[in-house]
Amino acid sequence: MVPADSWFGISCIVGDTLVSMKQSEIVKKRQGLSYYTAANPQIRALYRSGKRPTEFGNKVWATSLVLLDYLDTKPFPLQGLRVLEVGCGWGLLGVYLAKVHACDVTCTDLDEHVLPIVQLHARLNGVSIKTKRASFSELSSDFLEDFDLIVGAEICYCEEAGRDMTMLVRRAFASGVKQILIADPGRPHPGSKGQG
Ligand SMILES: C[S@@+](CC[C@H](N)C(=O)[O-])C[C@H]1O[C@@H](n2cnc3c(N)ncnc32)[C@H](O)[C@@H]1O
């Protein structure tokens, strides 16, 4: 039997081009969420208008899905928490927490070009998410004190990011943040001898 999403197609106009693709190339599903691939016409239109992420925020990374799976085990009460996602990329963790656990979510990233994609995902899933362009080092103690939980995935991929995250974790706990969950695949940093 052919799964429904492997044959169901859509057509739409992007600029003056008729785009027709299989649904499975455009929307993926996970834990009751929908999310786009880079083949999605709205994302392609953003890229063509010059809003193309430059810092690896070019897809939903698998590490996000690992953390999403973990959160789905409900490791502690998540309902209604004030959540900050850092290095959010396309914002799937934030969207999941807003949709499934009614969290009040803010997604932040160094790269402003990922933020419209976070909003596409929020709209696709019928939730409201705040977004803010900010690097790890720009997230001040005053800002951090408004959150209960910080999440992030695949964000310590170079030494500088790892260092800035370490300082962010210290500032966050000192500001009253209760939980911080960072998922990282442990790749070696370029030029380093050990694991990242
Ligand atoms: C590999 S992507 C991961 C995106 C997303 N968390 C995921 O798992 O799909 C890394 C993201 O971290 C962001 N990033 C990298 N360095 C950062 C920094 N110093 N401050 C804030 N965001 C940063 C990038 O712009 C990018 O969106």
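# Close-up views of a predicted model

**View 1. The shell around the ligand in this predicted model comprises 22 residues.** The closest are Glu 55, Gly 57, Ser 64, Gly 87 and Gly 89. By class, the shell holds 11 nonpolar, 6 polar and 5 charged residues. Two helices each contribute at least two residues to the shell: α2, spanning 62-72, and α6, spanning 159-174.

**View 2. The chain has 6 helices and 9 strands.** It contains 196 residues, and 32% of them are buried. Contacts between residues at least 6 apart in sequence can be sorted by separation. Of these, 63% join residues at least 24 apart.

**View 3. The largest nonpolar core gathers 43 residues.** Val 83, Leu 92, Leu 93, Val 118 and Ile 150 have the most contacts inside it. Several elements give two or more residues to this core. The helices are α2, α3 (92-101), α4 (115-124) and α6. The strands are β4 (33-36), β5 (82-85), β6 (104-109) and β8 (149-153). Helix α3 provides the largest share, 6 residues. Both domain 1 (4-48) and domain 2 (62-183) supply at least three residues to this core.

**View 4. Ile 150 is among the residues with the most contacts inside the largest nonpolar core.** Which residues does Ile 150 touch, not counting those up to four places away in sequence? They are Leu 84, Val 86, Ala 172, Val 177 and Ile 180.

**View 5. Leu 67 sits in helix α2.** Is Leu 67 buried or exposed? Leu 67 counts as buried, because 21 C-beta neighbours lie inside 10 Å. The cut-off for burial is 20 or more. Neighbours within four places in sequence aside, Leu 67 is in contact with Leu 93, Val 151, Ala 153, Leu 181 and Ala 183. One of these partners, Val 151, is 84 residues from Leu 67 in sequence. The C-alpha atoms of Leu 67 and Val 151 are 8.7 Å apart in space. Helix α2 also gives two or more residues to the largest nonpolar core, and at least two to the ligand shell.

**View 6. Strands β3 and β4 form a hairpin.** β3 covers residues 27-30. The two strands run antiparallel and are joined by 4 bridges. Val 27 stands opposite Tyr 36 in β4. Arg 30 stands opposite Leu 33 in β4. Between the strands are 2 residues. In this turn, Gln 31 has a positive phi of about 45°. Most residues other than glycine have a negative phi.

**View 7. Arg 30 belongs to strand β3.** Arg 30 is partly exposed, because 15 other C-beta atoms lie within 10 Å. That count falls between the cut-offs of 12 or fewer for exposed and 20 or more for buried. Which contacts does Arg 30 make, leaving aside neighbours within four places in sequence? Its partners are Tyr 35, Leu 65 and Leu 68. Asp 69 is 39 residues from Arg 30 along the chain. The C-alpha atoms of this pair are separated by 9.2 Å.

**View 8. Lys 74 lies in the loop between α2 and β5.** What is the phi of Lys 74? The angle is near 50°, a positive value in a residue other than glycine. Lys 74 counts as exposed, because 11 C-beta neighbours lie inside 10 Å.

**View 9. Ala 102 lies in the loop between α3 and β6.** Ala 102 has a positive phi of about 50°, although it is not a glycine. Ala 102 is partly exposed, because 13 other C-beta atoms lie within 10 Å. Helix α3, on one side of this loop, gives the largest share of the largest nonpolar core. Strand β6, on the other side, gives two or more residues to that core.

**View 10. Met 167 has its place in helix α6.** Is Met 167 buried or exposed? Met 167 counts as exposed, because 12 C-beta neighbours lie inside 10 Å. The cut-off for exposed is 12 or fewer. Ser 137 is 30 residues from Met 167 along the chain. Their C-alpha atoms are separated by 7.7 Å. Helix α6 supplies at least two residues of the ligand shell, and two or more residues of the largest nonpolar core.

Terms used: Residues are numbered from 1 along each chain as its sequence is written. This is a predicted model: local features need pLDDT of at least 70, side-chain atom pairs count only at pLDDT 80 or more; totals for chains, interfaces and linings use all residues. A residue is near a molecule or strand if its C-beta atom, placed from the backbone, lies within 6 Å of it. Ala, Val, Leu, Ile, Met, Phe, Trp, Tyr, Cys and Pro count as nonpolar, Asp, Glu, Lys and Arg as charged, and the others, Gly among them, as polar. A nonpolar core is a set of buried Ala, Val, Leu, Ile, Met, Phe, Trp, Tyr and Cys residues joined through C-beta atoms within 7 Å. Domain bounds come from an automatic or database domain assignment. Two residues are in contact if their C-beta atoms, placed from the backbone, lie within 7 Å. Two strands pair if DSSP finds at least two bridges between them.
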